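Here's a walk through a model, one region at a time. Have the sequence and the 3D view open as you read.

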Amino acid sequence: MTFKAIIDEIENNLKKILSDISVLEVDFSVEPSKSGFGDVSSNISFLLANQLKKSPKDIAEMISQRYLELPKTLVVRSKPHPSGYVNFLADWEKLNQLILSESILPEFGNVDLGKNSTVVVEHTSVNPNKALHIGHVRNIIIGDTVSRILRKVNYTVNVLNYVDDSGLQVADIIVGFKHLGFEQEPPDGKKFDHYCGDDVYVKTTEKREQDPSIEEIRRMVLKELEDGDSEIVRFRDRITRRVLSDQLETCWNLRVSYDCLNFESQIIRSGLWSRAFKKLKEMDLIKFENEGKNQGCWVIRGEKEENDKVVVRSNGTATYIAKDIPYAAWKLGLLEDPFQYSKYEKEQPCAKTLWQTTLSGGTYSRNFSGEKVITVIDSRQARLQDIVTSLMGKFKSAPDAYVHLGYESVTLSSDTAKTLGLDTDGKQAQMSGRRGLYVSADSVYELLKEKTLKETKTRHPEMSEYEINQIAHNVAVGTIRYEMVKQDLDKIIVFDLDKSLSLEGDTAPYIQYAHARASRILEKAQRAPSIDVDFAMLKEKSELDLVKTIGLFDLNIRDAAKNLSPKVISRYCHDLAVAFNLFYEKSKVLDLGDENLERARLCLVNSFKITIKQALDLLGIDAPERM
RNA sequence: GGACUCGUUGCAUAGCUUGGAUAGUGCGAACGCUUGCGGAGCGUUAGGUCGUCGGUUCGAAUCCGAUCGGGUCCGCCA
C-alpha cells in the first residue's frame with residue numbers, strides 16, 4: 001500500500017457518511033491535493049449540493065464535522081474549505097513509515113491490471129531498405145515504453161517487429177543494386193543501412209522518376225520477387241537481412257528489444273491470407289461486387305458506399321490491407337499458426353532470446369499471439385487501422401481486442417530542413433526517406449553522445465575513458481527516449497537539431513542528475529540506509545512532498561497502463577526529480593549533528609533513489625550513479 | 001467535397017477521459033544564490049480574454065454545437 005492507502009481510507013469513510021445521512025450514491029473523487037490545500041481532497045460536496053439543496057460550503061462543513069467522529073488511521077483531521085472542497089490532513093508519521101518501507105521492495109509500484117494475461121505489442125516495423133530516422137524512433141520508443149509499463153502491471157508481453165521485406169521500397173534498392181550498378185559494399189566505414197537509404201534508395205528513386213524505363217524494370221523486379229525461390233529472391237533476402245541487422249543495432253543501442261521478427265514475405269507465402277479470406281467470406285464481412293466502380297472485386301463494406309475498401313482486385317490479387325488482416329488475426333491467435341520459429345543469429349544486449357518466423361527448418365514451436373493486441377503505427381494510417389480494428393472486433397467478438405495505438409509524426413523544423421538542403425519558407429517539413437530528407441537516429445545519438453562526453457570529461461577529469469563513455473551513452477539514450485515520450489501522442493514533434501541537444505530543464509539528464517545527487521549522498525554517508533528510523537523526524541514540507549510523490553508511484557503506473565500513455569510516467573519522473581531537488585536544496589542530510597534526523601533523511605534519500613530508478617526503468621532510461 | 005486531429009504567455013508544453021479552489025512546467029528574458037551532501041541545480045521578477053462565437057450548468061481550459069486557423073487521411077499504390 002502506498003498513498004493509495006489514505007485515499008482508500010477516506011473514500012470508505014465518506015461512503016459511510018453518505019449512508020448515514022441516507023443520500024443516493026454519488027461518484028465523488030478523492031485525490032491528492034493541489035499544493036496548499038492539505039494532503040487529500042474530495043469534491044463530494046459539489047456533487048451533493050443539488051440533492052441536499054445546500055451550498056457546497058455548508059455541506060463541506062457538515063461532512064468535515066461528521067468525519068471527525070469516525071475512526072481514523074492515516075488521517076489526522078478533515079478540514080472544510082470555503083470553496084466547497086473537503087480537505088484532509090495526513091498522519092505523516094504513519095504515512096512516512098508506510099510509504100518508505102514499501103518503496104524499497106522490488107514489487108513497489110506493481111499493479112495487477114493484466115492478471116498475467118498475454119498482450120502483443122507490435123512496433124518498429126520499418127521497411128528494411130534504409131536506416132532508422134528520428135520519426136521511426138518515436139514509434140520504437142513508444143512501443144518499447146508501453147511494453148515495459150504493461151509488464152509492470154502484470155501482463156505477459158510479446159513484442160513483435162513486422163519486417164516489410166517485400167514491398168516497393170525494397171524493390172527499389174534491388175533495382176539499384178541489380179540494374180543501376182550500385183556497389184554491394186558501402187564506402188569506407190558507412191553502415192550498410194545508411195548506405196542503402198542515403199545512396200541506393202534516394203538515387204534510384206531519383207533516376208526512376210526521370211527515366212520511365214526504370215519504372216518498367218521495377219515492375220519486373222517486383223514480379224520476380226513474388227516467386228518463392230529464385231536467385232533474385234535470395235539476393236533480396238541477403239540484402240534485407242543485412243539492413244535489418246543494422247537497424248536492430250540502432251534499436252538495441254537505444255535499449256529496445258523484441259521477442260519475435262515477422263517477415264512479410266513469409267506471411268504472404270504462408271497461406272495465411274487464404275485462411276483469413278475464407279473466414280471473412282464465412283462471416284459475411286466482405287462482398288463480391290458484380291457492378292459499379294468496384295466491379296469484379298471483393299470489398300469490405302464501409303458505412304457509406306464510397307468508403308468501401310477493395311481487398312481483392314478484379315485480377316484476383318490481394319491489396320495492401322489484405323496483408324494486415326491475416327496478420328492481425330494471427331496476432332490474436334485466431335488463425336492456425338503456419339510458422340515455425342528459429343533463433344535470430346545475433347543476441348540481444350538484454351540477453352532475451354529473439355525469435356524469427358520461418359517456413360521451414362525451424363526447430364521450435366512457439367506461440368507469440370495474445371488475448372489483446374496493440375499495434376503502434378503513426379496516425380496517418382488510422383483509417384486502415386480502423387477497418388482492421390472493426391474486423392478483429394468481429395473475429396474475436398470483443399470490440400477492444402485489437403488496439404491501434406496511433407501517434408503524430410515527427411517533422412523537421414525549417415532550420416533543420418534548411419541544413420538538409422530544403423528551403424521550406426519557415427514552415428516545418430515532413431520527413432521523406434525517398435527524397436533523403438531525414439535525420440537519422442544514429443546521427444542524433446552520436447551528436448548527443450559527443451556533447452555529453454565533453455561535459456562529463458570536464459566534470460570528472462579523474463574518470464576512466466570507459467566510465468565516461470558509459471555515462472555519455474546512458475545520458476544520450478535517455479535524452480532521446482525522454483524527448484520521444486514526454487509529450488502527448490497526438491501532438492506533432494517538430495524536431496530541431498540544435499534544440500534537441502539541450503541537457504537542461506525538462507529533460508532526461510535533469511532527472512538522471514537528481515538520481516546521481518542522491519547516490520552521492522548515500523555513498524558519502526558513513527552508514528547504510530535503514531528503515532528502522534524515527535519517521536516523525538520527517539516533517540518539513542519539502543520532505544513530506546517528496547514522500548508523497550514517492551507514494552504516488554503506483555497510481556501513476558495504473559494511469560499510464562490504462563491509457564497506454566507513456567508520458568504519464570515521464571511526467572512522474574520529472575515531478576519526482578523536482579521534489580527531490582527542492583528537498584536537496586532545503587534539507588541537508590549529512591553532518592547534521594542529529595543522528596536520528598540524519599538516519600531518517602538517509603532513509604528518504606534511499607527511497608527516492610530506488611523509486612526514481614524504477615520509474616526511469618519503465619522509460620528504458622538508465623540512472624547513473626555519477627554523471 | 002467527406003473524415004480525423006491539433007489550437008493554452010515570445011516559443012514549446014501539462015491539465016481535458018472523470019466540469020469546481022490560485023491554469024502547472026520548460027526554453028527564452030531580467031536579477032540573484034556555491035568557504036554548503038555535485039550549479040546538468042535552486043530562488044525572485046516579468047509574461048495567460050486557455051483560437052473565436054454560442055449553449056448546457058450554481059460553476060467551463062475541461063462537456064455540447066457552430067466557426068476560423070494549422071496538420072493529416074480519403075487508389076483495383078504500398
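## Domains 1 and 4

Let's start with a distance: the C-alpha centres of domain 1 and domain 4 are 29 Å apart. Where these two meet, 8 residues of domain 1 and 7 residues of domain 4 make up the contact. Keep in mind that this is a predicted model.

For the wider layout, chain A splits into domain 1 (3-90), domain 2 (123-270 + 339-368), domain 3 (414-501) and domain 4 (508-618). Notice that domain 2 is given as two stretches of the chain, 123-270 and 339-368.

## The second largest pocket

Now for a hollow you can look for on screen. The second largest pocket has a volume of about 1,100 Å³. Its lining is made of 37 residues, and Pro32, Ser33, Lys548, Thr549 and Leu552 sit closest to the centre.

Why does this pocket lie between domain 1 and domain 4? Because both domain 1 (3-90) and domain 4 (508-618) contribute residues to its lining. At least two lining residues come from each of helix H1 (3-20), strand S1 (30-32), helix H18 (541-551), helix H19 (553-562) and H20. The top contributor is H20, with 9 residues. Sorted by class, the lining has 14 nonpolar, 8 polar and 15 charged residues.

## Around RNA strand B

Helix H20 (566-586) turns up again here: along with helix H13 (382-396), helix H15 (441-459) and helix H17 (508-524), it gives at least two residues to the surface near RNA strand B. There are 60 residues around the strand, and the ones that come nearest are Arg313, Arg459, Lys491, Tyr513 and Tyr584. Of the RNA strand B atoms within 4 Å of the protein, 59% belong to sugar and phosphate. As for the protein side, that surface has 21 charged, 20 polar and 19 nonpolar residues.

Which parts of the RNA do individual residues reach? Lysine 491 has a polar side-chain atom 2.2 Å from a phosphate oxygen of RNA strand B. Glutamine 487 also uses its side chain, with an N or O atom 3.5 Å from a sugar or linking oxygen of the strand. For leucine 590, a backbone N or O atom is 3.2 Å from a base oxygen.

## A look at valine 403

One last stop, at a single residue. Valine 403 belongs to strand S14 (residues 402-405). Isoleucine 374 is 29 residues away along the chain, yet its C-alpha atom and that of valine 403 are separated by 4.8 Å.

What does valine 403 touch, leaving out residues up to four places away in sequence? The list is Lys372, Val373, Ile374, Thr375 and Leu564.

Methods: Residues numbered from 1 in each chain as written. Chains lettered and ligands numbered in written order. Predicted model: local features only at pLDDT ≥ 70, side-chain atom pairs only at ≥ 80, totals over all residues. Heavy atoms only, no water. Near = heavy atom within 4 Å. Polar contact = N/O pair within 3.5 Å; in protein donor to acceptor, adjacent residues only side chain to side chain. Helix = DSSP H or I, 4+ residues; strand = E, 2+ residues; numbered from the N terminus. Nonpolar A, V, L, I, M, F, W, Y, C, P; charged D, E, K, R; others polar. 1 Å grid on protein atoms, 1.4 Å probe; cavity = no way out; pocket = protein on both sides within 12 Å on 5 of 7 lines; lining within 4 Å. Points joined across faces, edges and corners; volume = space filled by probe spheres on them. Domains from an automatic or database assignment. Contact = heavy atoms within 4.5 Å.
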